[in-house]
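Here is a short tour of one protein chain. Keep the sequence and the 3D view side by side as you read.

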Amino acid sequence: MIEACVSVVLVGVLLAAAMSVAAQSARTRYAQKDMTRGMSLARQLLAEIVQDSYEQPGATTSILGPEAGETRQTFNDVDDFNGWSESPPADVTGTPIPGFTGWSRAVKVEWVTPLPGGNTFTTSAVETGLKRITVTVTAPSGLISTAVALRSRYSIYDKPPGAAAAYTSWIGTSLQIGNDATTTAAGGANPMNQVP
């Protein structure tokens with residue numbers, strides 16, 4: 001009888017440990033899914049932003065943010081997105097993206113100057129010729145995903161090629177895992193800044 005009681009206790013302890021490991025595995029899987037979806041949302045918006053002009057066409061501004069009366073559909077330079085946010089995420093026409101109820105996106109644009117070594121930047125209150133764009137996506141679970149791009153005034157988007165020229169605006173890959181279209185992994189880069 002004692003051996004049976006000890007066996008039941010041991011099996012109970014092992015079962016509890018196994019369930020704890022399974023629960024942690026499920027939490028990790030959901031967090032990875034949210035991270036992948038969040039990065040996809042951040043990169044999508046970042047790609048939209050960096051294709052706009054570096055500064056207001058025909059004008060120089062000392063304030064980052066949209067001009068009076070501008071909306072996302074009429075934003076025409078990258079800093080128009082400064083301080084912009086939305087929930088749920090939508091495409092450029094304002095149509096909510098399916099499957100992202102409870103998610104939110106926010107954008108911060110700031111002038112930056114590279115520090116010696118070129119890997120670190122300091123923010124500036126005045127025009128520097130270089131803007132850092134940060135897109136932050138927050139999942140319903142609270143998980144935050146962030147994508148950052150640097151945009152210079154010497155971008156291919158500010159010096160468009162002739163009508164017959166072809167150029168690359170995005171290099172990347174997207175991988176769908178299984179039949180679930182929401183389970184994707186994506187990566188890439190915008191080769192958008194050029195030397196003057």
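## The chain as a whole

This is a predicted model. Buried residues make up 28% of the 196 residues in the chain. The accessible surface comes to about 11600 Å². Carbon and sulfur atoms account for 62% of that surface.

The chain has one helix and seven strands. Read from the N terminus, the order of elements is α-β-β-β-β-β-β-β. Now look at contacts between residues at least 6 apart in sequence: 50% of them join residues at least 24 apart.

## Strand S4 and its partners

Strand S4 covers residues 130-138. Is S4 mostly covered or mostly open? It is mostly covered, with seven of its nine residues buried.

S4 pairs with strand S2, residues 104-114. The two run antiparallel and are joined by eight bridges. In one of these pairings, Glu-110 has Arg-132 of S4 as its bridge partner.

S4 also pairs with strand S5, residues 144-152. Here nine bridges join the strands, and they too run antiparallel. Val-135 has Ala-147 of S5 as its bridge partner. S4 and S5 form a hairpin with five residues between the strands. In this hairpin, Gly-142 takes a positive phi near 95 degrees.

## The nonpolar core

The largest nonpolar core has 21 residues. Those with the most contacts inside it are Leu-45, Ile-49, Phe-81, Val-107, Ile-133 and Val-135. Which elements each supply at least two residues of this core? They include H1, S2, S4 and S5. The largest share, seven residues, comes from H1.

Ile-133 gives a close-up view. Leave aside its neighbours within four places in sequence. Its contacts then include Leu-46, Ile-49 and Val-50. Val-107, Lys-108 and Val-109 are also among them. So are Ala-147, Val-148 and Ala-149. Val-78 and Arg-151 are in contact with Ile-133 as well.

## A nonpolar patch on the surface

Nonpolar residues also appear at the surface. Ile-2, Val-6 and Leu-10 make a nonpolar surface patch of about 310 Å². Ile-2 lies in helix H1, which spans residues 2-50.

Why does Ile-2 count as exposed? Its relative accessibility is 66%, and exposed means over 50%, so Ile-2 passes the cut-off. Helix H1 thus appears twice in this report: Ile-2 of the patch lies in it, and seven residues of the largest nonpolar core come from it.

Notes: Residues are numbered from 1 along each chain as its sequence is written. This is a predicted model: local features need pLDDT of at least 70, side-chain atom pairs count only at pLDDT 80 or more; totals for chains, interfaces and linings use all residues. Side-chain values use heavy atoms; hydrogens and water are left out. Patches are made of residues with over 30% relative accessible area and no salt bridge: like charges are joined within 9 Å, nonpolar side chains (Val, Leu, Ile, Met, Phe, Trp, Tyr) within 5 Å. Accessible areas come from the Shrake-Rupley method with a 1.4 Å probe; for residues, only the protein chains shown count as cover. A salt bridge is a side-chain nitrogen of Lys or Arg within 4 Å of a carboxyl oxygen of Asp or Glu. Helices (H or I, at least four residues) and strands (E, at least two) are DSSP runs, numbered from the N terminus. Buried means under 20% relative accessible area, exposed over 50%, partly exposed in between (1.4 Å probe, protein chains only). Two strands pair if DSSP finds at least two bridges between them. Contact means heavy atoms within 4.5 Å. A nonpolar core is a set of buried Ala, Val, Leu, Ile, Met, Phe, Trp, Tyr and Cys residues joined through side-chain atoms within 4.5 Å.
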